[in-house]
Amino acid sequence: MELTTEHEELKRSAIKFVDAEINPFVDQWEQDEIFPAHEVFKKLGDQGLLGITKPEKYGGAGLDYSYGAVLNEALATINCGGVPMAIGVQTDMSTPALARFGSEHVCNEFLKPSIAGDFVSCIGVSEPHAGSDVAAIKTTAVKDGDDYVINGSKMWITNGTQADWMCMLANTDSSGASKHLNKSLICVPLKENGKRAKGVTINRKLKKLGMHSSDTAEIFFDDVRVPARNLIGEEGQGFVYQMMQFQEERLYAAIGNYAGCELAIEETIEYTRQRKTFGKPILDNQIVHFRLSELMTEVEALKALTWKGIEIHINGGDCTKLASMSKLKSTRLAREVNDSCLQYWGGMGYMDETSISRRFRDGRLGSIGGGADEIMLGIISKYLDILPGKN
Ligand SMILES: Cc1cc2nc3c(=O)[nH]c(=O)nc-3n(C[C@H](O)[C@H](O)[C@H](O)COP(=O)(O)OP(=O)(O)OC[C@H]3O[C@@H](n4cnc5c(N)ncnc54)[C@H](O)[C@@H]3O)c2cc1C
């Protein structure tokens, strides 16, 4: 796809923003195991960076997904995985279905302030016993007059301790409808007048292997009342909407991964050019520069695959197969790149202070979150029509 000067300008200004407003603070946030989401999102919102692809009516820029992709490439220059993941939750995981199917009411109440950076959002799909098997979630939202009454819990929720609202997938039909047609997406406020909403409990901030600056929470809902008009789109269509919404999440992951891989390889080239063993730069060993060249070739191939999916998405087609392939390839490649590069940093690669050790830790999540590698393989197999019983 041909990128324009507008794409380049957006990328340049976003990188400038990251350098000035985010990167100087990242090490501290990683240590604190949280970043100030409201402060950072407000600044991003003021720059128009939280609504690039969202309707102008609600404060977005109304641009196509190629601009979102270029912005995501710029966010990969953030010196950790946690903050870009948290931003992605706001732009590409909790709001695509809302922007596409939400009523004027929910868009004004939840989308507009999220684009402005006044609200922090989160996406509530996973539960303690149901991550990969989304249809097995147990949280219920039962109609009572003009409200839904919500009971259940959500697990591993990014932005969970700070979020103002959750885009929640819940079971809204217990009359025996299929598990793909008994669910709805609902905007659930997690705060009321600055305090925790009644019936909402954040059990704990979870400690993690990586993504330290991002807060991850387990959240309980005990008879939480939400106006029924907080429903996104049609009741019973939540599973379908969430499967569509996952495509932007998966493209977001693929873009972040190829951009991060490129940076990891470039940083490793620089390090191994400076560092000498046996009287010559480590980079001058053929095994090293051949390996880095091979990895960069893989990154270019991944980029082409991902942009093929992006083009289909922009043209309104079903990008599920290519988004799944891109996510799968990107998470596996990121693990391979981070591991291979770390090796060439030697002892320094094992130190907390180097960028490659953070990439190694943070990058491990990719193959698990947002649909594990095996789930991507299942989707691809379905599109190839080779699932058991089909042969
Ligand atoms: C840091 C972090 C942040 C997250 N943020 C969010 C968030 O904001 N919102 C949200 O809703 N969720 C979030 N998640 C949850 C994440 O999406 C799930 O962890 C993920 O979908 C996997 O689900 P699970 O952990 O229940 O693994 P399980 O479903 O228990 O699966 C475990 C493993 O088994 C394998 N497996 C599963 N099914 C199959 C199969 N059919 N065939 C072969 N192998 C299989 C896979 O390797 C998988 O990794 C987050 C998770 C983490 C760790």
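This report looks at a ligand site, one helix and one histidine in a predicted model.

## The shell around the ligand

The ligand is surrounded by 17 residues, and of these I123, S126, S132, W156 and E374 come nearest. Sorted by class, the shell is made up of 8 nonpolar, 7 polar and 2 charged residues. Strand 3, which spans residues 147-158, and helix 13, which spans residues 373-384, are the elements that give two or more residues to this shell. The largest share comes from strand 3, which supplies 3 residues.

## Polar atoms facing the ligand

Some atoms of the protein can be paired with particular atoms of the ligand, and it helps to ask whether backbone or side chain is involved. For I123, a backbone N or O atom lies 2.8 Å from a nitrogen atom of the ligand, while for V125 a backbone N or O atom lies 2.9 Å from an oxygen atom of the ligand. In T158, by contrast, a polar atom of the side chain is placed 2.8 Å from a nitrogen atom of the ligand. The ligand taken alone exposes 970 Å², and the protein buries 63% of that.

## The buried face of helix 3

Helix 3 runs over residues 37-46, and its buried residues are A37, V40, F41, L44 and G45. When the helix is viewed down its axis, these buried residues fall within an arc of 135 degrees, so they line one face of helix 3. A rule for helices helps in reading this pattern: an α-helix has 3.6 residues a turn, so residues three or four places apart point the same way.

The cover over the buried residues of helix 3 includes helix 1 (5-22), helix 2 (26-32), helix 5 (82-93) and helix 7. Just after helix 3 comes G48, whose phi is positive, at about 75 degrees.

## H105 in helix 7

Helix 7, which is among the helices that cover the buried residues of helix 3, consists of residues 104-116 and contains H105. Is H105 buried, partly exposed or exposed? The relative accessibility of H105 is 21%, and because buried means under 20% and exposed means over 50%, H105 counts as partly exposed.

If neighbours within four places in sequence are left aside, H105 is in contact with R229 and N230. A further distance can be given for H105 and E235, which are 130 residues apart along the chain and whose C-alpha atoms are separated by 16 Å.

Key. Residues are numbered from 1 along each chain as its sequence is written. This is a predicted model: local features need pLDDT of at least 70, side-chain atom pairs count only at pLDDT 80 or more; totals for chains, interfaces and linings use all residues. Side-chain values use heavy atoms; hydrogens and water are left out. Helices (H or I, at least four residues) and strands (E, at least two) are DSSP runs, numbered from the N terminus. Buried means under 20% relative accessible area, exposed over 50%, partly exposed in between (1.4 Å probe, protein chains only). Contact means heavy atoms within 4.5 Å. The arc is that of the directions from the helix axis to the C-beta atoms. A residue is near a molecule or strand if one of its heavy atoms lies within 4 Å of it. A polar contact is a pair of N or O atoms within 3.5 Å; within protein, one must be able to donate a hydrogen and the other to accept it, and residues adjacent in sequence count only if both atoms are side-chain atoms. Accessible areas come from the Shrake-Rupley method with a 1.4 Å probe; for residues, only the protein chains shown count as cover. Ala, Val, Leu, Ile, Met, Phe, Trp, Tyr, Cys and Pro count as nonpolar, Asp, Glu, Lys and Arg as charged, and the others, Gly among them, as polar.
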